[in-house]
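Trainee: I should like to go through this structure with you, beginning with its charged side chains. Could we take the questions one at a time?

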Amino acid sequence: MLLQFSVENFKSFKDKAVLSLEASSDKNLLESTTIVKNERLLNSVGIFGSNASGKSNLFNAITAAILTIRWSSNKQHGQLLETIIPYKFRKNAYDIPTSFEFIYYGPNQKKYIYGFSATQKKIFTEYLYKYDSVKPTTIFDRDINREVEYKFTVPGLKTDLEAIKERNDENKLFLATAAQWNNKEAKDAIDWFLYHIDVHATNMDYLLKYSGKYFEHDTNNTLKKFTNKLLEKSDINITDFNFKAENLPGSQMKNNLFANNIDPNSFQDNSIYKNYTVNTKHVVLNEDSTKDNYELSLFEESLGTRTLFLLSPILQKAFNNGEVVCIDEFDNSLHPMLTIFLISLFNDKRLNTADAQLIVSSHTLEMMSDKLLRRDQIYFVDKNRNTASSELYSLDDYSVRHNVDRRKAYLLGRFNSVPNILSGEMLWR
């Protein structure tokens, strides 16, 4: 589970921004929290703000950090770290390192702090701390500005890590290199980044490509049953569906790769080579009071139905594996009641047995209800008009009475983070 993510000097986030999933002492909606090793963590967080405030950049920051870790071992000497995009509105922007930090519980239920700072050319700092007791143990600490760049403090690990550092490079993360060379501490720590946190888009091309591979390999129909149940509970009139995967012909395969700027020699995800077809089944009452089965292509369904259908593998996988699911524009084409329903699933311990978490951005004001989200579950992103720099802050930072209508207060600008729209008269003067 994620306790905290922080970022500094990334896109519109010039100064340090901290997203915390550690619950406050608030006793309301305790079902929205999970206790891990005596720490109370939030099951979900909703992020609100006006357009162009920087919400998407926060999700981009999480994505950039994860991909930098996942792709590190494949970097060639001197190859740029393209995922690192600094705040650009200052001189020498690309010479100032971007910083990321995660505090999380790994699959082994150990608590870690991992962070790094980097420009596109090289890693400046990197560190990994592990909690075996109330105090963290330093697995490694790296700083290129020190006389001794790497520091290792655990006697049993020092010899192994000293040898691995000689195999690392200035544009590679030591965590990834050590894991590649089978260091157990590094492999345990990096496992969470590889399999237990993901950022997802809500556009159809991405969702069909991502979810299609899980439908394709659903040999025991557990995903199909989950999807049908999700549609039923969401009051969607689909009784069943057929899924088909076909290999693309060679020419179309090349066009797919070209359209996605992918080198065929380096691509590992076979879903790009597939054509996925989904037909939904409907039982409809005829004029003569008889019922018949009818089929539609998934793309004949509403956009909201398509989105919900293709989110189902992401949700099932998260509930099974205890993943952190991050979705920008989560409410895209979804009814507010459906958005609320999906968030509430993460509070259902019968379904969410592995303590999955959900981080979303939204414009659905119904989500702000004190019946759904605690104050510490609501975050805002606002942008300074003078510096074009984004700021992230929590509703919990404000003194708000529990009986206050949060949605009304938000629209009135009490928490900032709303557009300052000119009236029509002012606009055309």
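Trainee: Which residue meets the side chain of D132 in a salt bridge?

Mentor: Please keep in mind that this is a predicted model. Side chains of opposite charge can pair when their charged atoms come close. A salt bridge requires a side-chain nitrogen of Lys or Arg within 4 Å of a carboxyl oxygen of Asp or Glu. The N to O distance here is 3.8 Å, and the partner of D132 is K130.

Trainee: Is K130 buried or exposed?

Mentor: Its partner D132 has a relative accessible area of 47% and is therefore partly exposed. For K130 the relative accessible area is 8%. Buried means under 20%, so K130 is classed as buried.

Trainee: At what N to O distance do the side chains of E185 and K130 meet in a salt bridge?

Mentor: E185 belongs to helix α4 (residues 184–195) and K130 to strand β8 (residues 123–131), so the pair links distant parts of the chain, 55 residues apart. Both E185 and K130 are buried. Their salt bridge has an N to O distance of 3.2 Å.

Trainee: Which residues are linked with K130 in a network of salt bridges?

Mentor: K130 forms a salt bridge with D132, and K130 also forms one with E185. The network includes a further lysine, K110. The residues linked with K130 are thus K110, D132 and E185.

Trainee: How many salt bridges does the count come to?

Mentor: The criterion is a side-chain nitrogen of Lys or Arg within 4 Å of a carboxyl oxygen of Asp or Glu. By this rule the count comes to 21.

Trainee: With which residue does E39 form a salt bridge?

Mentor: The closest N and O atoms of the pair are 3.3 Å apart. E39 lies in strand β4 (residues 39–42) and its partner in strand β7 (residues 111–118), so the salt bridge ties together parts that are 72 residues apart in sequence. Both side chains belong to buried residues. The partner of E39 is K111.

Trainee: Which side chain is joined to that of R142 by a polar contact?

Mentor: R142 is in strand β9 (residues 136–143), and R142 counts as buried because its relative accessibility is 0%. A polar atom of the R142 side chain lies 3.2 Å from the backbone oxygen of D169. The side-chain partner, in a polar contact of 3.2 Å, is E149.

Trainee: How far apart in space are I139 and F341, C-alpha to C-alpha?

Mentor: I139 lies in strand β9 and counts as buried, because its relative accessibility is 4%. In sequence, I139 and F341 are 202 residues apart. In space, their C-alpha to C-alpha distance is 41 Å.

Trainee: How far apart in space are T63 and T83, C-alpha to C-alpha?

Mentor: T63 is placed in helix α1 (residues 55–71). With a relative accessible area of 26%, T63 is partly exposed. T63 and T83 are 20 residues apart in sequence, and their C-alpha to C-alpha distance is 8.5 Å.

Trainee: Which residues form a negative surface patch?

Mentor: Asp and Glu count as negative, and patches are made of residues with over 30% relative accessible area and no salt bridge. E391, in strand β18 (residues 390–394), is partly exposed at 48%. The patch is formed by E8, D15, E391 and D397.

How values were computed. Residues numbered from 1 in each chain as written. Predicted model: local features only at pLDDT ≥ 70, side-chain atom pairs only at ≥ 80, totals over all residues. Heavy atoms only, no water. Patch = residues over 30% accessible without salt bridge, like charges linked within 9 Å, V, L, I, M, F, W, Y side chains within 5 Å. Areas by Shrake-Rupley, 256 points an atom, 1.4 Å probe, with all protein chains shown as cover. Charge placed at Lys NZ, Arg CZ, Asp CG, Glu CD. Helix = DSSP H or I, 4+ residues; strand = E, 2+ residues; numbered from the N terminus. Buried < 20%, exposed > 50% of the residue type's maximum accessible area, 1.4 Å probe, protein only. Polar contact = N/O pair within 3.5 Å; in protein donor to acceptor, adjacent residues only side chain to side chain.
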